[in-house]
Amino acid sequence: MKKLRILANDGLAPSAKEKLEKAGHIVYDRKIPQEELADFINENDIDVLVVRSATKVPASLLKKVEPLKMIVRAGVGLDNIDTAYAKEKGIRVENTPEASSRSVAELVMAHLLGGARFLHESNREMPLRGDTDFKDLKKQYSAGREVRGKTIGILGMGRIGREVAKLATGLGMKVKAYDPYVEEASYTLDFFDGQQAHFTVRTEPKEEVLREADFVTLHVPAQDKPVIGKKELEMMKEGAALINAARGGVVDEAELLKALDSGKLSFAALDVYESEPAPPIKLLMHPKVSLTPHIGASTLEAQERIGEEIVKKIHELAAQSG
Ligand code: NAD
């Protein structure tokens, strides 16, 4: 088995690093700035580059790096890697699509439940006015909503969409889904006592889902144009909420701000942004937006699972490389 030289530029679970090093591979677990990446790869004979979404791997980088055999995207979206050019150069590109679905889905539900009870606003106001205006704040946030019996509209019924459907079903929500490439999606709820319950959701037209949903959540890949723009926001229910933990750009942020200001939407939750890593201040400061800095996949459990998958892929490459 060939010993490989690996650069994990956006971090790697310690257990994965340990396993790789035990197998004799050399692992650089550090952040090399984008502009120095090509030189580092060449100077250190790196065989495998492991990235999350932060490091960009465009053709201009791949043109400069000779020894690279494999790029592993620790996560799902491959939009930060020029996969077509990598293929042309004979560089294998892998990702770990399954490992983080549950983590993203749980963050979505955290935003959903938090938004329904104004936690995003309350957490901002309580430190400032909690000791002087307690009663006013209590009044302000007293019209929260339960989610049981409400409808969640899932746009994109792939791995994460189905995981969100499971959690929503567990909370007693109605599930509606739109996915132009999926006719029906099945999922299984596993309970603590070993019991299981199976569900199948038939997808519906986008308009239908937007019209009926109290909460709309997106789980689609990066797109050329927004899936939710002015027209779609208009279709949504008065007072509905929107959650985007998919990719920046799948929601038109300027139109979203207008829908929040007009009261059409009660709140929005964002984990991803059109202009990452510097979202516009108007969005960041908006009282009706619940915000996280692209942490959907970032749980200890997901990182462990991602690490395990990366180790497997690197061992395969090492075995094939002789
Ligand atoms: P997936 O490929 O399993 O599912 C995506 C689904 O979207 C597919 O079923 C596809 O048919 C559907 N789809 C494609 N275009 C569509 C459209 N225009 N409208 C409706 N549906 C459409 O992917 P996944 O693993 O479920 O990931 C979904 C998204 O979540 C990706 O964009 C991924 O990058 C993102 N993601 C975000 C985080 C985070 O940290 N926030 C972490 C992981 C993944």
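Two strands are taken as paired if DSSP finds at least two bridges between them, and strands (E, at least two residues) and helices (H or I, at least four) are DSSP runs numbered from the N terminus. In these terms Ile6 stands opposite Val27 in β2, and β1 (residues 5-8) pairs with β2 in the parallel sense over four bridges. The model is a predicted one, in which local features need pLDDT of at least 70 and side-chain atom pairs count only at pLDDT 80 or more, while totals for chains, interfaces and linings use all residues. Residues are numbered from 1 along each chain as its sequence is written, and side-chain values use heavy atoms, with hydrogens and water left out.

The pair β1 and β2 belongs to an open sheet of five strands with parallel pairing, in the order β2-β1-β3-β4-β5. Its edges are formed by β2 (26-29) and β5 (92-95), each of which pairs on one side only. From one strand to the next the twist averages 15 degrees. Helix α13 (residues 300-320) packs on this sheet and touches β1, β3 (48-51), β4 (70-73) and β5, its direction making about 155 degrees with that of β5; contact here means heavy atoms within 4.5 Å, and axes are lines fitted to C-alpha atoms, for helices over the stretch in contact, with angles between N-to-C directions running from 0 to 180 degrees.

Beyond β1, the loop that leads to α1 (14-22) holds Asp10, which is buried, with a relative accessible area of 13% (buried means under 20%, exposed over 50% and partly exposed in between, with a 1.4 Å probe and protein chains only). Its side chain and that of Lys31 are joined by a polar contact of 2.6 Å, and a polar atom of the Asp10 side chain lies 2.7 Å from the backbone nitrogen of Arg52. A polar contact is a pair of N or O atoms within 3.5 Å; within protein, one must be able to donate a hydrogen and the other to accept it, and residues adjacent in sequence count only if both atoms are side-chain atoms.

Around the ligand there are 24 residues, of which Arg159, Ile160, Asp179, Val220 and Asp271 come nearest, a residue being near if one of its heavy atoms lies within 4 Å. Oxygen atoms of the ligand lie 2.8 Å from a backbone N or O atom of Ile160 and 2.6 Å from a polar backbone atom of Val220, whereas a ligand nitrogen is 2.8 Å from a polar side-chain atom of Asp271.
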